Amino acid sequence: VQQRLKFRNPFNELAGSTRTFYGELDRATTRVVTLGTAFTVLATASRTLRGIVDSTVLVEKSLASVNAIFKLTTDNLSKFSSGLFDISRETTTAFDKVAEAAQEFARQGLSVAETQKAVRAALLLSRDATLSVTESVRVITAATNSFNTEALSRMQIVNRLASADAAFAVSSKDLAEALVRTGSAAADAGVSFNEFIGLVTAAQQISQRGGSVIAGALNTIFTRINRRGTLEALDSLGVAITDVRGQALPTIQVLQNFAVAYDKMTGAIKNQAAELVGGVRQLNTLKATLKDLSTEGSVFLQVQEMLKNSTNEIERRNAARNQTLAAQGSQIGTTAQQIGSNIGNVGLAPTLKSGLGLLLNNPITEALKDASGNAETAGGKAAELFLRGFGASVVYGLGPILLKILGSITRQVGSNLLQDVA
């Protein structure tokens with residue numbers, strides 16, 4: 001019996017040790033998981049706080065640039081900011097770009113309400129035509145200034161560009177480029193906005209030469225066709241340039257009459273007539289335009305009819321784009337930025353501004369700013385004494401140590417070189 005009592009089953013001891021090991025392993029795992037969770041929470045909190053601060057700084061900086069022009073009260077600036085965030089969400093455009101557009105329109109003397117409308121139109125065009133914000137602002141400005149007698153709203157302008165884009169083989173970008181380059185010349189020649197869009201669309205659909213090339217050609221055509229010598233030459237070729245009362249016909253009517261007459265011309269006379277109106281370099285665009293104008297049911301006339309009924313094409317297209325996951329993700333990001341900015345403005349900005357103000361304006365900072373070697377204030381002179389003492393302590397305290405380290409390194413490098421040579 002005593003022998004049995006003294007006997008210990010090794011398997012029981014192994015099982016007990018195993019249970020102890022697993023128990024320790026579970027406790028260690030729990031500690032690791034807890035520590036990892038704590039680090040994750042801290043990292044998330046850090047990123048969130050950094051995001052709030054970044055949003056606050058960016059939004060405040062963007063609005064300050066605009067408000068330097070408008071000089072709005074805090075409440076009105078807050079409402080204006082909310083409107084810009086709505087546009088940013090609707091067009092999936094970064095807030096700082098939206099504020100940049102607002103600043104450009106504000107410089108043109110627009111009111112706050114008109115600026116918001118103009119910014120929305122510009123950002124819708126930017127997204128639809130894949131233009132930069134600056135380019136979109138320039139297009140809308142050129143169109144409104146060039147065709148100001150028609151009193152078109154900015155939304156009417158961008159909707160008509162989008163309508164032409166949707167119905168014909170021309171892009172909003174081509175039309176926008178043509179407007180910037182030649183819109184003013186077209187208006188001076190008596191060509192309406194719709195007529196100009198029709199000419200560019202017809203030339204692009206037939207020639208596919210691009211908005212900038214077509215714009216340059218139309219600029220030449222508008223200039224040459226209104227010269228006295230050109231009109232007299234066209235008259236001699238049988239092209240009607242006046243009405244029954246002897247009044248000069250509009251530029252478009254003269255072009256249409258020339259297109260009909262040109263289609264019947266032959267040989268050298270036809271070539272001379274083309275060079276008379278388009279010059280040598282713009283013949284391709286001129287011939288494409290004349291070909292369309294001489295056709296019954298031309299693209300030019302179709303565009304005129306369609307643009308009369310253009311209402312909300314660009315808004316409809318934008319709404320369709322906003323159904324995508326990419327657009328919705330961008331909108332969530334904009335909303336998060338707005339919330340972060342609001343949190344920062346209310347909860348962090350006052351404290352941060354106070355702390356930064358204290359760093360910028362305190363006796364120590366002022367003394368160090370004055371310590372240029374010729375200090376005039378008592379604080380500046382004290383700072384200079386401190387800096388001289390600090391410099392001396394660095395030179396005489398750390399200098400010997402640094403020289404010793406440098407000498408040791410030099411000896412070691414030299415020894416290695418000698419060994420390599422040997």
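**Exercise 1. Classify Lys117 by its accessibility, then describe its salt bridge.**

Lys117 has 52% relative accessibility and therefore counts as exposed; the classes are buried (under 20% relative accessible area), exposed (over 50%) and partly exposed (in between), with a 1.4 Å probe and protein chains only. The model is predicted: local features need pLDDT of at least 70, side-chain atom pairs count only at pLDDT 80 or more, and totals for chains, interfaces and linings use all residues. Residues are numbered from 1 along each chain as its sequence is written, and side-chain values use heavy atoms, with hydrogens and water left out.

Next, the partner is Glu114, whose side chain meets that of Lys117 in a salt bridge (3.8 Å, N to O). A salt bridge is a side-chain nitrogen of Lys or Arg within 4 Å of a carboxyl oxygen of Asp or Glu. Glu114 is partly exposed, because its relative accessibility is 31%. Both residues belong to helix H5, three residues apart, about one turn of the helix; helices are DSSP runs (H or I, at least four residues), numbered from the N terminus.

**Exercise 2. Describe the salt bridge between Arg317 and Asp128.**

The side chains of Arg317 and Asp128 meet at 2.9 Å, N to O. This pair links distant parts of the chain, with Arg317 in helix H16 (residues 313-321) and Asp128 in helix H5, 189 residues apart. Both Arg317 and Asp128 are buried.

**Exercise 3. Which residues of helix H16 form a salt bridge three residues apart?**

They are Glu313 and Arg316, about one turn of the helix apart. Their side chains meet at 2.5 Å, N to O. Glu313 is buried, because its relative accessible area is 15%, whereas Arg316, at 48% relative accessibility, counts as partly exposed. Elsewhere, salt bridges that share partners join Asp128, Asp165, Arg317 and Arg321 into one network. The whole structure holds 13 salt bridges.

**Exercise 4. Determine how helices H10 and H13 pack.**

Helix H10 (residues 211-225) and helix H13 (residues 267-278) pack at about 100 degrees, with axes 7 Å apart. Axes are lines fitted to C-alpha atoms, for helices over the stretch in contact, and angles run from 0 to 180 degrees between N-to-C directions. H10 and H13 are therefore roughly perpendicular; angles under 35 degrees count as roughly parallel, over 145 as roughly antiparallel, 65 to 115 as roughly perpendicular and the rest as oblique. In contact (heavy atoms within 4.5 Å) are Thr220, Ile221, Arg224 and Ile225 of H10 with Glu275, Leu276, Val277 and Gly278 of H13.

Note on methods. Helix = DSSP H or I, 4+ residues; strand = E, 2+ residues; numbered from the N terminus.
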